[in-house]
Amino acid sequence: MKPKANRTKHARLNARGYEQVDGLHYMVRIVMTAFLNGRFQNGERLFMNVPQGFAKFYPSDVLLLLLRTIYGLKQAAMQFWHALLAAMTDMTFKRNKADPCLYFNWIGGFLILWMSWVDDCLVAGPGDLVQEAKKEMMLQFECDKVGEMDKYVGCKVERDLEACTI
């Protein structure tokens, strides 16, 4: 398992999305960017086999109906992006026209930015406004409290507060 930014490791139930058939299991969509927050659309219903280690709790002929998207489904990224866009709108952030993964809001003359890369989000701006934005996001989604950033999507980040550089 790959460690998260806060040094913890998480296991995920992962669908075998590579077995999905276009038109039967999903519709081809362009994925621009939590996968557990997505909901199926247009009456989609997906079933999965009982995961290994849980078969003893179910009869052998049981399939499980997925109520939400999970990691590995081809729909998951797009559905999370829709949920994130709705959350950003609720938080009065606007989506950048040039980059669909960048959201912004001007509060009291100060710029607050949210950047997303799949399910990793980064917020930047004045400290007190960043804290408020994080609280709002945590009302929308279950989030890890990572703290000061030293890595983001695999890139090392170094800050020099005196020189005002990242």
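How much accessible surface does the protein chain have, and what share of it belongs to carbon and sulfur atoms? The total comes to about 11,800 Å², with 57% of that belonging to carbon and sulfur atoms. Keep in mind that this is a predicted model. Of the 166 residues in the protein chain, buried ones make up 29%.

**Overall layout**
- The protein chain has two helices and eight strands.
- Going along the sequence, you'll meet them in the pattern β-β-α-β-β-β-β-α-β-β.

**Helix H1 and what packs over it**
- Helix H1 covers residues 76-90.
- Its 15 residues, at 1.5 Å a residue, should span 21 Å, and the end C-alpha atoms are indeed 21 Å apart, so the expected and modelled lengths agree.
- Which residues of H1 are buried? They are Ala76, Ala77, Met78, Gln79, Phe80, Trp81, Leu84, Ala87 and Met88.
- As background for reading that list, an α-helix has 3.6 residues a turn, so residues three or four places apart point the same way.
- The cover over the buried residues of H1 includes strands S3, S4 (102-107), S5 (110-117) and S6 (120-124). Helix H2 (127-140) is also part of that cover.

**The loop after H1**
- Thr92 sits in the loop that links helix H1 to strand S3 (94-95).
- Just after H1, then, Thr92 takes a positive phi of about 65°, although Thr92 is not a glycine.
- For context, most residues other than glycine have a negative phi.

**The salt bridge**
- How many salt bridges turn up in a search of the whole structure? There is one.
- That salt bridge joins the side chains of Lys156 and Glu158, at 3.3 Å from N to O.
- Lys156 is exposed, with a relative accessible area of 65%.
- Glu158 is exposed too, with a relative accessible area of 53%.

**The aromatic pair**
- The count of aromatic pairs comes to one.
- Phe54 and Phe57 form that pair, with 6.4 Å centre to centre and 50° between the planes, which makes it tilted.
- Are these two rings' residues buried or exposed? Phe54 counts as partly exposed, at 45% relative accessibility, while Phe57 counts as exposed, at 57%.
- The cut-off for exposed is over 50%, so Phe54 and Phe57 end up with different labels.

Conventions. Residues are numbered from 1 along each chain as its sequence is written. This is a predicted model: local features need pLDDT of at least 70, side-chain atom pairs count only at pLDDT 80 or more; totals for chains, interfaces and linings use all residues. Side-chain values use heavy atoms; hydrogens and water are left out. A salt bridge is a side-chain nitrogen of Lys or Arg within 4 Å of a carboxyl oxygen of Asp or Glu. Buried means under 20% relative accessible area, exposed over 50%, partly exposed in between (1.4 Å probe, protein chains only). Rings of Phe, Tyr and Trp (its six-membered ring) pair if their centres lie within 6.5 Å; planes under 30 degrees apart count as stacked, over 60 as edge-to-face and the rest as tilted. Helices (H or I, at least four residues) and strands (E, at least two) are DSSP runs, numbered from the N terminus. The expected span of a helix is 1.5 Å times one less than its number of residues. Contact means heavy atoms within 4.5 Å. Accessible areas come from the Shrake-Rupley method with a 1.4 Å probe; for residues, only the protein chains shown count as cover.
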